[in-house]
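Reader: I'm in my first year and still learning to read protein structures. Could you pick one part and walk me through it closely, step by step?

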Amino acid sequence: MTKSKFWIWWAGMVLFAPLSVVAMQTGETFTLKPEPLGGEEMVWYLIDWGDGIIMPTSHGIATFSPALSKVWRKPGMYKVVPYAITMSGTVKPLTETSVPVGGSQLDFPPFVEARQSDDPPASQEPYRPQSIELHFAKIEGLDALLLKKDPKVPFPDSFSIETSTDGGTVWNDVPSASYSHFPNPGSQVVWIPLHGVVANAVRVVSYKPPAIKAGTYSLRLGTLRAIGREPLFEMDADPKTAADWNNMWLAYGSAKNEVFHYFIPYPWPTDRPDEGGLLMIGSTIWAHWNAMKISWLDEPAASKYYENVVNSYPQDERGLMGVSPGSFLHLDHSKHYVTPAIFVAGTADWYLMHRDGSFLETKDRKTGVSLLEKMRKAMRYQLDDMDGKTGVLTIHDPEHDGTVNGMSGNYWDGWRFGYQSAYANMLFYQSLDWMAQLETALGNSDKAAEYAAVRPLVKQRFNEVFWNEKTGRFVGCIGKDGTLQDYGFTFVNLEAIASGIATPEHAEKTLQWLDGERIVKGDTSTGADIYYWKISPRANTLAAEAVTPSFWDGWTMKVGPGTIGEYGKQIQNGGHIFYVSYYDLMSRLKTRGIADAMKRMGVILDEFHKDNLRRKTSNKFGSTHVEGILREFPESGLVPLFFVNGILGIEPGSDGLHIEPALPDGWKFAAVNEYWFAGKKYRIRIERERTEPVVDGAQIRLPAEGRWVLSPDGEIRHAN
Amino acid sequence: MPINRRTALQGMACGTAGAALGASPVPVYFNFFDSPVRLDRYTRNMHDLVASRVVTEPSLQGGHSLEMEFRFSEKDRSGILFWDLVPVHISGIRFNVFNPNPARDEIVLKTTLQDTQGRSWLLATDNQPLATNGWTKVEANLVKDATVQQGTTKLEARDIAGAVFEHLVFKFEVGRKFPAFDKPLLLYLDGVECV
């Protein structure tokens, strides 16, 4: 076909193409959302993009379907055919779409150089696993794996993709890349997205290889190739560390290779047996953690969801925030008086990262109140109604009196935090700084000054009121009856230190307790046992059931020997929740320096290497709330974020992005290759031997020593 | 209109390379414990089933089996391997259990499949002790070999079309006169195939 005839043909196709399909250009992203199949079985989808490439999805609930993206590299008219495949193997073609694509031809992305393993020997056993591997000379970020069928033998109908970061000693699955009843692709290329997983080996494994003749089973492929992608994090560490750290972010931060039963990584968790990482949860409780995870990413849909959901949290006339859109109560049970602080921290953080004033002006759909007004009201509520301006925030609700009769009232909803809660006070302290930074950025120095002025008093009083000299740590709360509730709450102590509210002396003493350098008499868990779970400390070192009456709120379960909440068998009572390790790492960095933090991170990485922390221990009652890593814990993604917030030392402030690196000993560099700030994409690299910063467009290279500010306009300067 | 997966997709190369061979239908779910996926991602050890791990012997297929450690208590007298599935339509199940224990340590297996409508399908292996020093094979067609209950209501399996299942429950029970309470006892599950 000549060029002119092609364009006549193309124009005709565009004119007569279905009105719902806009003509695309090569290199542009086309998104398809097939209609859901329906039914009770879970399904997965397979899309024939019409260009010789078919792309599978992971599985999910059949009344939902995924949104899939495609970039064509050659102009043409493409017939796109989605298929739904049930878990029992029924294949149903769905509605076809014709997509006209114009533009010039683009190069196909290059393949990563790899050494392919020999074909596995054929077996007489139908369930003997067989695999075909690619090994790379160094760790590689992998964008996709491309498989082609061997023309002479069947394509595997059941296979999984697994990766290794140590050359094939330990393999971990890619949860979203496990398929059953895979149709015969014929001559098509099977394109399996891997979203940047970092590995030095990848394999296609079949745990039931196809039969090539009666009684003989063999896995064969025509070709197996990988397309690469630059890893997000770069670090001067051994390759396994660098790979595992990237993959920890991929699993629990961006959650790109997880199975989502609703086909999106928020806001509903996925259930067993597919529990894994999650991007965010929409409740107010997660408002700041969501902002920490997402604000620097290029995730338009997730960002839009975040901005909509924070605008939908209810607020009462005094300023208290509800726990979720439409509800003041957590799980129909209790108010959370920490919501104003978390809401302010999250929304201020988000604004300071994006610098988009229209975000602050968006109005609550029900009340018409702007986000900024809500934030200011939330701060007033803390300062006035909760007495925050006295230096000690107090919850006056008689239902939350912080005694053994009060109700729980924060994320740690097994415990009766209330009245004068250390947890609430340290969050209040953080919200004061966030709000001061925000008001300064908006040019409201008077407002900023009010918040900033209270902070030193809050810090002073926190260390006076909540420090338990006997145990050498911060208590959880002080009840209205004056009782100190001290169960060795590691999550209170570590976030307190990380927030900067603890004095250096108190911070050091606390770490001595956690590291077993000092034993607290009477505690249930002491010494090395505090880190029994290795990847994070036990939630509490004194069992809930050790004190009668207990500070434990038994509204969901009882505690005690032989119960479902028994110490060591429940995430909030002797179990652990992984996100606490983020504050552990930041605490150690702040108090003892980067070497101490990296020692802790080394343990976490060693554990991650074994099984990607995809751990869901159950107790004898079948409850899997023993370790809080997967499913409804998107905050697990904070831990790998230590690379960005701790080592690169990046945090938004009123005047721009503050960067105060803490390069580990022996590292010459550390970099994040895609970081979005104020609407621009940057690569931020710290180099030990550099003495002066260099800004070259989007690439920023900074010395390892010093504090820097990147302005919203992209200028870099020394911080004052 | 749904098509069987063995047919090549429309527009792709025709041909039925890979047609199923042998008498056994293709499983809709199988697991012989060969993958690196942790057990606790899909199984739960409940009551007197205190631990489980993947071993290489004994094994009939795949080269691995699940070693289950029980400590039967006088209080519970049962240990449960609770197995979570991605919801899938199942019409039959087969598996093998190896019992290395002597005959006096009689253990009975009750297998239930739970569907997404809250119905329990109990296989007709009720009250039959596991073979000792050998393998017990269980192969069941759910319509013919299961009794179905929803709450306290008994239902007819043949009246239920297309049931979709989300849990397998393997309950190992001992009697009141079991001679080895609180002692460790091992059983082995070779793997599971659902068709």
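Author: Let's follow strand β10 of chain A, which covers residues 130-148. In this predicted model, 14 of its 19 residues are buried, so the strand is largely enclosed by the rest of the structure. Buried here means under 20% relative accessible area.

Now look at its partners. Strands of a sheet pair through backbone hydrogen bonds, either parallel or antiparallel. With strand β13 of chain A, residues 189-206, β10(A) pairs in the antiparallel sense over 14 bridges. To find your place in that pairing, look for A:A144, which stands opposite A:P193. Strand β16 of chain A, residues 223-228, also runs antiparallel to β10(A), and 6 bridges join the two. A good landmark there is A:L146, whose bridge partner in β16(A) is A:R225. Then there is strand β9 of chain A, residues 115-116, joined to β10(A) by 2 bridges, again antiparallel. In this pairing A:Q116 stands opposite A:L134 of β10(A).

Keep your eye on A:L134 for a moment, as it leads us on to the nonpolar cores. In soluble globular proteins, nonpolar side chains tend to be buried together. The largest nonpolar core has 159 residues, and A:W245, A:W412 and A:Y423 have the most contacts inside it. Apart from that one lies another core, of 81 residues, and A:L134 is among them, along with A:L46, B:V86 and B:V97. So if you trace β10(A) on your screen, A:L134 is a nice place to pause: it faces A:Q116 of β9(A) in the strand pairing, and it is one of the residues of the 81-residue core.

Note on methods
Residues numbered from 1 in each chain as written. Chains lettered and ligands numbered in written order. Predicted model: local features only at pLDDT ≥ 70, side-chain atom pairs only at ≥ 80, totals over all residues. Heavy atoms only, no water. Core = buried A, V, L, I, M, F, W, Y, C linked by side-chain atoms within 4.5 Å. Buried < 20%, exposed > 50% of the residue type's maximum accessible area, 1.4 Å probe, protein only. Helix = DSSP H or I, 4+ residues; strand = E, 2+ residues; numbered from the N terminus. Pairing = 2+ DSSP bridges.
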